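Let's walk through this structure together, one question at a time. Have the sequence and the view open beside you.

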Amino acid sequence: MNPPQPNNPLHGVTLETIVTRLVEHYGWEALYEKVRINCFNNDPSIKSSLKFLRKTPWARDKVEALYINTFNN
């Protein structure tokens, strides 16, 4: 069993939730402006974005950082 992570703002938040909330908040175009990842610009979808972010750690780190800066301030 994993120990509690009270100081981790992403604890219990799925990547799908992160991407969905960011898209709802910014929209695809503004999200692409904030995080220059082609999956947000070329025929964007939640499914394709998740596939890319799951296999690309640097991109996932940028998206997670944007989520934290947007919703946990």
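Q: Where is Asp43 found?
A: This is a predicted model, so it is a good place to start by locating residues on the computed elements. Asp43 belongs to no helix here but to a connecting stretch, the loop between H1 and H2.

Q: Is Asp43 buried or exposed?
A: The cut-off for exposed is over 50% relative accessible area. Asp43 has a relative accessible area of 69%, so this loop residue counts as exposed.

Q: What is the approximate phi of Asp43?
A: Most residues other than glycine have a negative phi. Asp43 is a residue other than glycine, and its phi is positive, near 50°.

Q: How far apart are the C-alpha atoms of Asp43 and Trp28?
A: Asp43 and Trp28 are 15 residues apart along the chain. In space, their C-alpha atoms are separated by 9.7 Å.

Q: Which residues does Ser49 touch, not counting residues up to four places away in sequence?
A: Ser49 is found in helix H2. With a relative accessible area of 0%, Ser49 is buried. Its contacts beyond four places in sequence are Val19, Trp28, Cys39 and Phe40.

Q: Within what arc do the buried residues of H2 fall, seen down the axis?
A: The buried residues of H2 are Ser49, Leu50 and Leu53. They line one face of the helix, because seen down the axis they fall within an arc of 100°.

Q: Which exposed residues does the face of H2 turned away from its buried side carry?
A: The buried side of H2 is covered by elements that include H1 and H3. The face turned away from that buried side carries exposed lysines: Lys47, Lys51 and Lys55.

Q: Which residues of the largest nonpolar core touch the most other members?
A: In soluble globular proteins, nonpolar side chains tend to be buried together. Here the largest nonpolar core has 18 residues. Those touching the most other members are Leu22, Ile37, Phe40, Leu53 and Val63.

Q: Which element gives the most to this core?
A: The elements that give two or more residues to this core are helix H1 (15–34), helix H2 (46–55) and helix H3 (57–71). With seven residues, the element that gives the most is H1.

Q: With which residues is Leu22 in contact, leaving aside its neighbours within four places in sequence?
A: Leu22 is one of the core residues that touch the most other members. Beyond four places in sequence, Leu22 is in contact with Gly27, Leu31, Val63, Leu66, Tyr67, Thr70 and Phe71.

Q: What distance separates the end C-alpha atoms of H3?
A: H3 has 15 residues, and at 1.5 Å a residue they should span 21 Å. The distance between its end C-alpha atoms agrees with this, at 21 Å.

Q: How wide an arc do the buried residues of H3 cover around the axis?
A: The buried residues of H3 are Ala59, Val63, Glu64, Leu66 and Tyr67. What covers them includes H1 and H2. They are on the same side of H3, because around the axis they cover an arc of only 160°.

Q: Which residues is Glu64 in contact with, leaving aside its neighbours within four places in sequence?
A: Glu64 lies in helix H3. At 16% relative accessibility, Glu64 counts as buried, because the cut-off is under 20%. Its contacts beyond four places in sequence are Leu10 and Ile18.

Q: Which kind of aromatic pair do Phe52 and Trp58 form?
A: A search of the whole structure finds three aromatic pairs. The rings of Phe52 and Trp58 have their centres 6.5 Å apart and their planes at 85°. Planes over 60 degrees apart meet the cut-off, so this pair is edge-to-face.

Q: What is the angle between the planes of Tyr67 and Phe71?
A: Tyr67 and Phe71 both lie in helix H3, four residues apart, about one turn of the helix. Their rings are 5.1 Å apart, centre to centre. The pair is tilted, and the angle between the planes is 50°.

Q: Which residue has its charged end over the ring of Phe71?
A: At 24% relative accessibility, Phe71 counts as partly exposed, whereas Tyr67 is buried at 5%. A charged end sits over the ring of Phe71, 3.9 Å from its centre, and belongs to Arg21.

Definitions and conventions. Residues are numbered from 1 along each chain as its sequence is written. This is a predicted model: local features need pLDDT of at least 70, side-chain atom pairs count only at pLDDT 80 or more; totals for chains, interfaces and linings use all residues. Side-chain values use heavy atoms; hydrogens and water are left out. A nonpolar core is a set of buried Ala, Val, Leu, Ile, Met, Phe, Trp, Tyr and Cys residues joined through side-chain atoms within 4.5 Å. Buried means under 20% relative accessible area, exposed over 50%, partly exposed in between (1.4 Å probe, protein chains only). Contact means heavy atoms within 4.5 Å. Rings of Phe, Tyr and Trp (its six-membered ring) pair if their centres lie within 6.5 Å; planes under 30 degrees apart count as stacked, over 60 as edge-to-face and the rest as tilted. A charge sits over a ring if NZ of Lys or CZ of Arg is within 6 Å of the ring centre and within 35 degrees of the ring normal. The expected span of a helix is 1.5 Å times one less than its number of residues. The arc is that of the directions from the helix axis to the C-beta atoms.
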